[in-house]
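Subject: Structure handover

Hi,

Here is the structure for your files. My notes on what turned up follow below it.

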Amino acid sequence: MILTRQSGIWLKQSMAGSCIVFIDENIDYLGMGVMGLKLTILINKETNELLDRLALRMGTSKRNVVLLGLSNILMQGISKEDLEKMENRIDDLTHSTNITVNEIFKKRLMNIERYGLSIRKFFGYIICDYFQRHYHEFFPEEFTEEEKELPVTEKDVVQTTLDKSLKGKIISYCQDHSISVNSLFAYYILNKPIKVRNFESSNKELMDLSFGASVRNKLIEDASNVGMSKSFYLNLIAVQISSDLDL
């Protein structure tokens, strides 16, 4: 099955070419629903370009990259001292970008102490700070400049079976944080060392995940290195997601 992007819409086509379904990037078809509430943030040129490149590498939208960063930031919290350091170090918040979130996550964002800053600047500072500090995690040293600029035109669908309860917990987490399930798995494939551990699964359900070329190739390589199929390796990733996020 192949996903081809045209004007912000992914076309899903079977290998036989007999069926085409239009997929909007703002919808996660694993249960998130339509994201209809927009927030505008201000970031600098460096971070804006970095987010564009990360979105290409992960095979997702800039919105999903930003929201992945926000979900990680909110787990740690932001102090007034932290924010003051960001203001002194980060300047030229001149690039406007929109993120589209659900009602649950928007309420959570609105309840954060912003220490007198506007929504646009507060979230702009913390996003710039996060991605500038974690740049090396997304683009390792062996990742060449040519690869960073490689455009993503197709996605591959990888099918696996996950424990029903675990699948539900991951989808619920993504709903609560307004992020795509595909993006969460892509983030772990690209950035997290995955532990090989024992796990049990008694009631399994199918899950389809779509990845860009860089993510797919890393998944194949990592699974091969530990002598596992892509499907089984995705189960390990799901178990680690659950453990890391205390689901």
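Start near the end of the chain. Just after helix α11, Asp246 takes a positive phi of about 55 degrees. Keep in mind throughout that this is a predicted model.

Helix α11 itself covers residues 230-244. Its length checks out. At 1.5 Å a residue, its 15 residues should span 21 Å, and the end C-alpha atoms are 21 Å apart, so the two values agree. Much of the detail here concerns burial. The buried residues in α11 are Tyr233, Leu234, Asn235, Leu236, Ile237, Ala238, Val239, Gln240, Ile241 and Ser242.

Overall picture

The protein chain has 11 helices and nine strands. It holds 247 residues, and 47% of them are buried. The accessible surface comes to about 12,500 Å². Carbon and sulfur atoms account for 47% of that surface. On contacts, take pairs at least 6 apart in sequence: 79% of these join residues at least 24 apart.

Salt bridges

The count comes to seven salt bridges. Here are some of them.

Lys85 pairs with Glu81, with the closest N and O atoms 3.8 Å apart. Both residues lie in helix α3, residues 80-89. They are four residues apart, about one turn of the helix. Lys85 and Glu81 are both exposed.

Asp222 and Lys218 meet at 2.7 Å, N to O. These two also sit four residues apart, about one turn, in helix α10 (residues 213-225). How exposed is each partner here? Asp222 has 14% relative accessibility, so Asp222 counts as buried. Lys218 is at 25%, so Lys218 counts as partly exposed. The cut-off for buried is under 20%.

Glu205 forms a salt bridge with Lys164, and the closest N and O atoms are 4.0 Å apart. Glu205 lies in strand β9 (residues 204-211) and Lys164 in helix α8 (residues 164-177), so this pair ties together parts that are 41 residues apart in sequence. Glu205, at 29% relative accessibility, counts as partly exposed. Lys164, at 43%, counts as partly exposed too.

There is also a network of salt bridges. It links Arg89, Asp129 and Arg133.

Aromatic rings

The structure holds three aromatic pairs. One of them joins Phe122 and Phe123: the ring centres are 5.1 Å apart and the planes stand at 80 degrees, so the pair is edge-to-face. Phe122 and Phe123 are both buried. Another edge-to-face pair is Tyr130 with Phe131, at 5.1 Å centre to centre and 90 degrees between the planes. Tyr130 and Phe131 are both buried.

One charge and ring arrangement is worth a look. The charged end of Lys192 sits over the ring of Tyr188, 5.8 Å from the ring centre.

Asn64 and Gly77

Where does Asn64 sit? Its place is in helix α2, residues 62-76. Is Asn64 buried or exposed? At 3% relative accessibility, Asn64 counts as buried. The limit is under 20%. Which residues touch Asn64, leaving aside neighbours within four places in sequence? The contacts are Ile179, Ser180 and Ser183.

Gly77 lies in the loop between α2 and α3. At 38% relative accessibility, Gly77 counts as partly exposed. One distance to set beside that: the C-alpha atoms of Gly77 and Ile112 are separated by 9.1 Å. Along the chain, Gly77 and Ile112 are 35 residues apart.

If you open the model, these are the places to visit in turn. Begin with Asp246, just after α11. Go on to the Asp222 and Lys218 salt bridge in α10. Then look at Glu205 in β9 and Lys164 in α8. Finish with Lys192 over the ring of Tyr188.

Best wishes

Definitions and conventions. Residues numbered from 1 in each chain as written. Predicted model: local features only at pLDDT ≥ 70, side-chain atom pairs only at ≥ 80, totals over all residues. Heavy atoms only, no water. Buried < 20%, exposed > 50% of the residue type's maximum accessible area, 1.4 Å probe, protein only. Contact = heavy atoms within 4.5 Å. Areas by Shrake-Rupley, 256 points an atom, 1.4 Å probe, with all protein chains shown as cover. Expected span 1.5 Å × (residues − 1). Salt bridge = Lys/Arg side-chain N within 4 Å of Asp/Glu carboxyl O. Phe/Tyr/Trp six-rings, centres within 6.5 Å; stacked < 30°, edge-to-face > 60°. Lys NZ or Arg CZ within 6 Å of the ring centre and 35° of its normal.
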